[in-house]
Amino acid sequence: MSTHYDCIVVGSGHAGCSAALAAVEAGCTSVLIVEKAPHDWVGGNGYFTAGAHRTVHGGLQDLLPIVRNVTPEQASKIDMDPYTVEDFIGDIKRLGQDKPDAKLVRSMVESSREAIEWLARIIDIPFILSFHRQAYEVNGRQKFWGGMALSTEDGGKGLIKAHMKALEKAGVEIWFESPAVRLRVEKGTITGLVVQTYGMELDLSASSVVLAAGGYESSSELRAKHLGSEWEKARVRGTPFNTGDGFAMAQAVGAKLVGDWAGCHSTCWDANAPADAGDRELSNQFTKSGYPLGIMVNIYGQRFVDEGQDFRNFTYAKFGRQILLQPEGCAFQVWGADMVPFLRKEEYGDEIVEKIVAGNMEELADKLLEKGLKDKECFLKTVRDYNAAVQNHRAEHPTLGWNPTIKDGLSTQSNTVALQLPKSNWALPIDQGPFLAVKVACGITFTFGGLAIDPDTAGVLSKETDTPIKGLFCTGEMVGGLFHNNYPGGSGLTAGAVFGRKAGGQAAKLAGKSVEYGVQEGLNAVGGGKKVI
């Protein structure tokens, strides 16, 4: 068993794997990943995602060469607008109330397309166009919306499977059930890591350490401390092993904490899902993101969010919090028969979620009483008032048509009737049975507070000097300052790859083994046989 490595990465998720593979590509000859979880839980939170990657792109023709699920005939029937650097930056700033670190955001966004190309070409990540999540058929054409188009075959499962294959090919070691205990530091420089493995502490030396150990969302104690006591009730969407250990280690060597420590990514989650960890089989299928097609009400039958405020991938990461703040921390999503066909089968299939179905609204209300609804009359009034407001708006705007690929302006706000809480887009009456409802809760994905890093190198900054701590890098959900309060869907995986690549490249420089590669040379490097200079 070796005790010296060019680079040690803490965490086997997408970000950690990206850092390890980038280190090998850049010239490191001995790279180790240490993972707290057992092998059966490999992949961190990345495993539980839909594999969505948000990136700058020039439109359909830019992405076609890296995706695997589009035939020439299909391509001729796809509409996809370009997504520019300023679009991406603008979305992060807008959703984050202009509080994210501007330099960090720009660094991530400007490197996003190159990182996606690297993942596709060198790591062999199986990218696809996300027809099932990011497109609707309109007039016989697939129209992509919300700026995001990419996901991966078999979602996070396929993503992590591809990473494991690449790591094996590259000769990267992975130690499971080997939690990092503390960082080694000598004269302000990180010189290695102490890990616990086989029941003992093992002292490892390394030229650099990359922290990719996730946030603190799996710790009910830390959730209560930073997010509020109500967050003890949140369901953990992913790995149960993200308990903030990396932050404690980093703080012990003087690392600077930044960002939104009171914020997190939280979604509408199946109320019947496990509480303390994700399900390795169903994983992201517990997500319930069909609320823009209907309404959400709490147990007293009251709406509490504008379901049509923005595209789903701009609201889903904050609406979990709103559900958690409702009485008993749960809610019901409700649709009419006309919208049910548009619900994603992977989230709302018969074998996936408990469906509450009724032929009329009175019957649906009675059935919801059995599932926790407290006020039947209020629920029925909410639906009546909503339907009346929708009908009045449609009467005033007869030329507007429902279109889920744009903000179509179909709302509840007219000159004659306006709800106190609007539905701003995609508002159709819920008046066609059979009606469907599902019960949802809050699922926490990851936390936004983290470590301060150098935007160009991913080096962890010192609290005392505000300069990088030599030998210490960070990527993934441990990075602070990138998101605040909310975030554009698909940004997290992209950020993990971007800063993982930067960290891996810097690790090779510190090891004295840095090389420069083009795409083909990079392919050879990850597969072994590279020339070190």
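**View 1. Arg-113 is a buried residue in a salt bridge with Asp-62.** The relative accessibility of Arg-113 is 16%; buried means under 20% relative accessible area, exposed means over 50%, and partly exposed lies in between, for a 1.4 Å probe and protein chains only. The model shown is predicted: local features need pLDDT of at least 70, side-chain atom pairs count only at pLDDT 80 or more, and totals for chains, interfaces and linings use all residues. Residues are numbered from 1 along each chain as its sequence is written, and side-chain values use heavy atoms, with hydrogens and water left out. The partner, Asp-62, is partly exposed, at 28% relative accessible area. The closest N and O atoms of Arg-113 and Asp-62 are 3.1 Å apart, and a salt bridge requires a side-chain nitrogen of Lys or Arg within 4 Å of a carboxyl oxygen of Asp or Glu. This pair links distant parts of the chain, since Arg-113 belongs to helix α6 (residues 112–121) and Asp-62 to helix α2 (residues 60–63), 51 residues apart. Helices (H or I, at least four residues) and strands (E, at least two) are DSSP runs, numbered from the N terminus. The structure holds 29 salt bridges. Side chains of opposite charge can pair when their charged atoms come close.

**View 2. A salt bridge within helix α4 pairs Asp-91 with Arg-94.** The N to O distance of this pair is 3.0 Å. Both residues lie in α4 (residues 85–95), three residues apart, about one turn of the helix. Asp-91 is buried, with 11% relative accessibility, whereas Arg-94 is partly exposed, with 41%.

**View 3. Glu-186 and Arg-184 form a further salt bridge.** Here the N to O distance is 3.5 Å. Glu-186 is partly exposed at 46% relative accessible area, and Arg-184 is partly exposed at 22%. Elsewhere, salt bridges that share partners join Arg-54, Asp-91, Arg-94, Asp-310 and Lys-407 into one network.

**View 4. Helices α1 and α8 are roughly parallel to each other.** Two packed helices are described by the angle between their axes and the distance between the axes. Helix α1 spans residues 14–26 and helix α8 residues 155–170; their axes come within 10 Å and cross at roughly 25°. The axes are lines fitted to C-alpha atoms, for helices over the stretch in contact, and the angles run from 0 to 180 degrees between N-to-C directions. Angles under 35 degrees count as roughly parallel, over 145 as roughly antiparallel, 65 to 115 as roughly perpendicular and the rest as oblique. The crossing of α1 and α8 is left-handed, that is, the near helix is turned anticlockwise from the far one by less than a right angle (a clockwise turn being right-handed). On the α1 side, the contact is made by His-14, Cys-17, Ser-18, Ala-20, Leu-21 and Val-24; on the α8 side, by Leu-159, Ile-160, His-163, Met-164, Ala-166, Leu-167 and Ala-170. Contact means heavy atoms within 4.5 Å. These residues of α1 and α8 comprise ten nonpolar, three polar and no charged; Ala, Val, Leu, Ile, Met, Phe, Trp, Tyr, Cys and Pro count as nonpolar, Asp, Glu, Lys and Arg as charged, and the others, Gly among them, as polar.

**View 5. Gly-471 is a buried residue of strand β21.** The strand covers residues 468–474, and the relative accessibility of Gly-471 is 2%. Leaving aside its neighbours within four places in sequence, Gly-471 is in contact with Ile-190, Ser-207, Ser-208, Val-209 and Leu-510. The C-alpha atoms of Gly-471 and Val-185 are 9.2 Å apart, although the two residues are 286 apart in sequence.

**View 6. Gln-142 is a partly exposed residue of strand β6.** Strand β6 comprises residues 141–144, and Gln-142 has 22% relative accessibility. Not counting residues up to four places away in sequence, Gln-142 touches Lys-77, Ile-78, Asp-79, Phe-131, Ala-135, Tyr-136 and Glu-137.

**View 7. A cis peptide bond joins Gly-433 and Pro-434.** Omega of this bond is about 0°, and Pro-434 is placed in the loop between α14 (376–396) and β18 (435–447). Most residues other than glycine have a negative phi, and most peptide bonds are trans.

**View 8. Glu-328 and Asp-466 have positive phi values.** For Glu-328, phi is about 65°; this residue occupies the loop between α11 (312–324) and β16 (330–335) and is exposed at 52% relative accessible area. For Asp-466, phi is near 60°; this residue is in the loop between β20 (459–461) and β21 and is partly exposed at 41% relative accessibility.
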